[in-house]
Amino acid sequence: MEDYCKYQQRLLEAPLTIENQNAFLIGLNNVFTLLGLKSMWRSTFYGLKLQVSQLCSQGEQIEALNALIQGLSKNHFWVNHAAKWWFLMQMAVSIAQDLQLSDNQKICVPVQRLFKLILQAPTPWYGYHAAYCFVSLSLWSFQFGKTQNALMQVNSAIHADTSWGYPEYLLGWYGLLLEGIDPVPHFVKAIQANWNFFRRLKQDPLCQRFPEIIEKVKKTLLEKNMIVVSD
């Protein structure tokens with residue numbers, strides 16, 4: 001099961017990327033530092049983002065993750081706080097994924113804090129960044145055997161971004177393993193959002209164990225007049 005979960009995590013395809021550090025932001029960082037206001041600067045969205053990027057570029061991912069968790073717990077970001085909060089939360093989740101913290105049998109402290117932190121997230125719980133966070137936490141919950149939490153989190157992801165498709169795909173994937181969930185309509189919704197999910201469905205190691213489900217998805221797509229690419 002762990003291998004299947006790792007496969008799903010790879011499908012997220014959103015690795016943490018370190019942006020080129022904006023010279024203007026670096027300049028602001030230097031000014032605030034000279035004035036003795038570094039803590040104030042790092043409590044802002046751009047200051048925290050720059051700090052995290054610098055830490056990651058120096059190979060200090062754990063420090064970057066802890067800085068994000070602390071900032072997300074305490075800071076309020078001016079102008080569109082919720083959107084900025086979710087952006088930074090996705091950075092935190094991506095760092096945790098890169099560190100493969102979920103490989104431990106016991107949930108490590110930073111991941112536990114991420115689970116608690118998302119419950120305090122500002123509203124609206126909307127957009128790709130929010131959906132990505134809920135999907136990632138859902139996979140971790142599922143891997144740790146907390147299936148009800150996993151289902152609640154993946155449904156939160158579906159409501160956060162109906163255009164993405166992956167949350168529906170993941171719910172269909174859960175339906176292959178859990179009773180009471182018909183995977184076919186969820187796979188179909190994912191494919192309707194993005195045709196690439198049909199290719200992923202056929203290549204998914206777990207889905208390949210259920211050829212009858214793949215055939216039902218193909219049949220449903222044909223009924224909806226969606227062209228099915230031949231194998």
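# Helix packing and aromatic pairs in a predicted model

Tutor: This is a predicted model. To open with one interface, Val135, Ser138, Leu139 and Phe142 of H8 meet Tyr166, Pro167, Leu170, Trp173 and Tyr174 of H10.

Student: What classes of residue make the contact of H8 with H10?

Tutor: The contact has 8 nonpolar residues, 1 polar and no charged ones.

Student: At what angle do the axes of H8 and H10 cross, and within what distance do they come?

Tutor: The axes of H8, residues 128–143, and H10 cross at roughly 15° and come within 11 Å. The two helices are therefore roughly parallel to each other.

Student: Is the crossing of H8 and H10 left-handed or right-handed?

Tutor: H8 passes H10 in a left-handed crossing.

Student: Let's zoom in on Leu170. Where is its place?

Tutor: Leu170 is in helix H10, which covers residues 166–175.

Student: Is Leu170 buried or exposed?

Tutor: Leu170 is buried, with a relative accessible area of 0%.

Student: Which residues is Leu170 in contact with, leaving aside neighbours within four places in sequence?

Tutor: Those contacts are Gln8, Val135, Ser138, Leu139 and Val154. Of these, Val135, Ser138 and Leu139 are in H8.

Student: And how far is Leu170 from Phe187, C-alpha to C-alpha?

Tutor: Their C-alpha atoms are separated by 8.2 Å, and the two residues sit 17 residues apart along the chain.

Student: Back to Phe142. Which helix is it in?

Tutor: Phe142 is in helix H8. It counts as buried, at 7% relative accessibility. Across the interface, Phe142 and Tyr174 are 8.8 Å apart, C-alpha to C-alpha. In sequence they are 32 residues apart.

Student: Change of topic. What is the overall make-up of the chain, in helices and strands?

Tutor: The chain has 13 helices and 0 strands. From the N terminus on, the elements run α-α-α-α-α-α-α-α-α-α-α-α-α.

Student: How many of the 231 residues count as buried, in percent?

Tutor: The figure is 50% of the 231 residues.

Student: What share of the contacts with a separation of 6 or more comes from residues 24 or more positions apart?

Tutor: Such residues account for 67% of those contacts in the chain.

Student: Now the other helix pair, H4 and H6. How do their axes sit?

Tutor: The axes of H4 (residues 45–57) and H6 (residues 81–98) come within 11 Å and cross at roughly 15°. H4 and H6 are therefore roughly parallel to each other. Their crossing is left-handed.

Student: Which residues make the contact of H4 and H6?

Tutor: From H4, the contact uses Phe45, Leu48, Lys49, Val52 and Cys56. From H6, it uses Lys84, Phe87, Leu88, Met91 and Ile95.

Student: And by class, what does the contact of H4 with H6 have?

Tutor: It has 8 nonpolar residues, no polar ones and 2 charged ones.

Student: On to aromatics. How many aromatic pairs are there?

Tutor: The count comes to 19 aromatic pairs. One of them joins Phe45 and Tyr46: the ring centres are 5.0 Å apart and the planes are at 75°, so the pair is edge-to-face.

Student: Why does 75° make it edge-to-face?

Tutor: Because planes over 60 degrees apart count as edge-to-face, and the planes of Phe45 and Tyr46 are at 75°.

Student: Are those two residues, Phe45 and Tyr46, buried or exposed?

Tutor: Phe45 counts as buried, at 9% relative accessibility. Tyr46 counts as partly exposed, at 42%.

Student: Which residues do ring pairs link into a cluster?

Tutor: Tyr128, Tyr132, Trp164, Tyr166, Tyr169, Phe187 and Phe197. Tyr166 in H10 also meets H8 in the interface from the start.

Student: Last topic, the backbone. Which peptide bond is cis?

Tutor: The bond from Thr123 to Pro124 is cis, with omega near 0°. Pro124 has its place in the loop between helix H7 (109–118) and H8.

Student: What about phi at Val79?

Tutor: Val79 has a positive phi of about 60°, although it is not a glycine. Val79 lies in the loop between helix H5 (61–74) and H6. Val79 is exposed, with a relative accessible area of 69%.

Student: And phi of Asn80, what is its value?

Tutor: Phi of Asn80 is near 60°, a positive value in a residue other than glycine. Asn80 is found in the loop between H5 and H6. Asn80 is exposed, with a relative accessible area of 54%.

Notes:
Residues numbered from 1 in each chain as written. Predicted model: local features only at pLDDT ≥ 70, side-chain atom pairs only at ≥ 80, totals over all residues. Heavy atoms only, no water. Axes fitted to C-alpha atoms, helices over the stretch in contact; angles between N-to-C directions. Helix = DSSP H or I, 4+ residues; strand = E, 2+ residues; numbered from the N terminus. Parallel < 35°, antiparallel > 145°, perpendicular 65-115°, else oblique. Left-handed = near helix turned anticlockwise from the far one by under 90°. Contact = heavy atoms within 4.5 Å. Nonpolar A, V, L, I, M, F, W, Y, C, P; charged D, E, K, R; others polar. Phe/Tyr/Trp six-rings, centres within 6.5 Å; stacked < 30°, edge-to-face > 60°. Buried < 20%, exposed > 50% of the residue type's maximum accessible area, 1.4 Å probe, protein only.
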